[in-house]
Each structure stands twice: as C-alpha cells, then as structure tokens.
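Morning, everyone. I have one structure to walk through today. Let me put it on the screen.

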Amino acid sequence: MGKSRKDSNAKAERKFEKRLDFYNKVKDSVVLNATKSIAKQKKKLRSRQKKLKPYDLSTLSEFLPELNAPKQRAPEKEFKLNCKSRRKLLEIEGKQLNTVLNHPAFQADPFGSIHQHVLSTLPPAEDKPRKKDNKNGKKKKSKSKKSKSSSGPASMEY
C-alpha cells in the first residue's frame, strides 16, 4: 500500500506541474496577443495620421484674417429650463433689453427701429401669384364641371 501512495503523490505532482506549465503558456499567449493588438492599433493610428497630413489646414489659418464675430452657443437639442438656466437667460435678456433701450436709434424712433430690425432679421416673404381680377376688381369665379341643362333655352332636334 505504501508504494501506491508514493505513486499517487508523484502523479499528483506531475499533474500539478503540467497545469502550471499550461497556465504559463496561456498567460504568455494572452500577453502576446495583447501586445500584438496594441501594435496594430498604433499602426492604424499612424496610417490615419499619414492620410490626414495632406488635409492639414493649420498653416492656412496663419494667412487668413481673424474674425471677431460674436460667438453664439450652438442650440442644444433639448433645452431644459431649470432654475439655473432660467436665471442665466433672464440676465442675458435683461442686458440685451438695456442695450436696445439705450440705443440712440431706438430712442429717436422706437417703432421705426423695431420695423427695421424685423426687416433685416426675418427672411423675405414669398409672394404667391394672385388670381387675376376682372375689370370690376372682382375675382373670377371658377366654373364647376357640371353642365347646367336648365340654364337657358336650348333647341333640340327631333
């Protein structure tokens, strides 16, 4: 019986060593695959950057004039009106109102300046072609497709 225990211990040790070897091999392959994938990603990034080099317009910006146009926020998809945004909007609109009220053109002719502002900001209205008027100034009545047989004397041949 003693001999079988030694054999089983040796067998268990060999099994354990084989497992350790297997785990080490798996670990090495995982590390190798990870390094390969990282290298591929770096290669792709380099190739993308090479492709984008002809389209680099940063040097062009040196020669273009600077624009001092006021920057406006892009409209948000969903504007949530909460206390903070309402307060901020109120401040902005209040400043705008004070600016308009203090403007000399508005003080001279309020309705005229509002009219001028509306004309300059709204797109031009499209004029639809009107129906032609008769000589009397009345619009022509459209005739219905139904023919009226009793509208007047009609001669019938027998």
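Start with the surface. This is a predicted model, and its chain exposes about 17800 Å². Carbon and sulfur atoms supply 57% of that exposed area. How much of the chain counts as buried? Of its 158 residues, 1%.

Next, confidence. The average pLDDT over the chain is 77. A score of at least 70 is reached by 65% of the residues. Where is confidence lowest, and where is it highest? The low end is helix α2, residues 60-63, with a mean of 72. The high end is helix α3, residues 83-102, at 92.

Now the fold. We have five helices and zero strands. Along the sequence that reads α-α-α-α-α.

Look at helix α1, which covers residues 2-52. Leu20 is found there. Is Leu20 buried, exposed or partly exposed? The relative accessible area of Leu20 is 38%, so it is partly exposed; the range for that label runs from 20% to 50%. Leu20 also belongs to a nonpolar surface patch. Its partners in the patch are Phe16, Phe22, Tyr23, Val26 and Val30. Together these residues make a patch of about 610 Å².

Last stop, the largest pocket. Its volume is about 250 Å³. Which helices each supply at least two residues of the lining? They are α3, α4 at 104-108, and α5 at 110-121. Helix α5 gives the largest share, four residues. For anyone following on the sequence, the lining is Gln96, Thr99, Val100, His103, Ala105, Phe106, Ser113, Ile114, His117 and Val118.

To recap: a predicted model, five helices, a nonpolar patch that includes Leu20, and a largest pocket of about 250 Å³. Over to you.

Conventions: Residues numbered from 1 in each chain as written. Predicted model: local features only at pLDDT ≥ 70, side-chain atom pairs only at ≥ 80, totals over all residues. Heavy atoms only, no water. Patch = residues over 30% accessible without salt bridge, like charges linked within 9 Å, V, L, I, M, F, W, Y side chains within 5 Å. Areas by Shrake-Rupley, 256 points an atom, 1.4 Å probe, with all protein chains shown as cover. Salt bridge = Lys/Arg side-chain N within 4 Å of Asp/Glu carboxyl O. Buried < 20%, exposed > 50% of the residue type's maximum accessible area, 1.4 Å probe, protein only. pLDDT = per-residue confidence, 0-100. 1 Å grid on protein atoms, 1.4 Å probe; cavity = no way out; pocket = protein on both sides within 12 Å on 5 of 7 lines; lining within 4 Å. Points joined across faces, edges and corners; volume = space filled by probe spheres on them.
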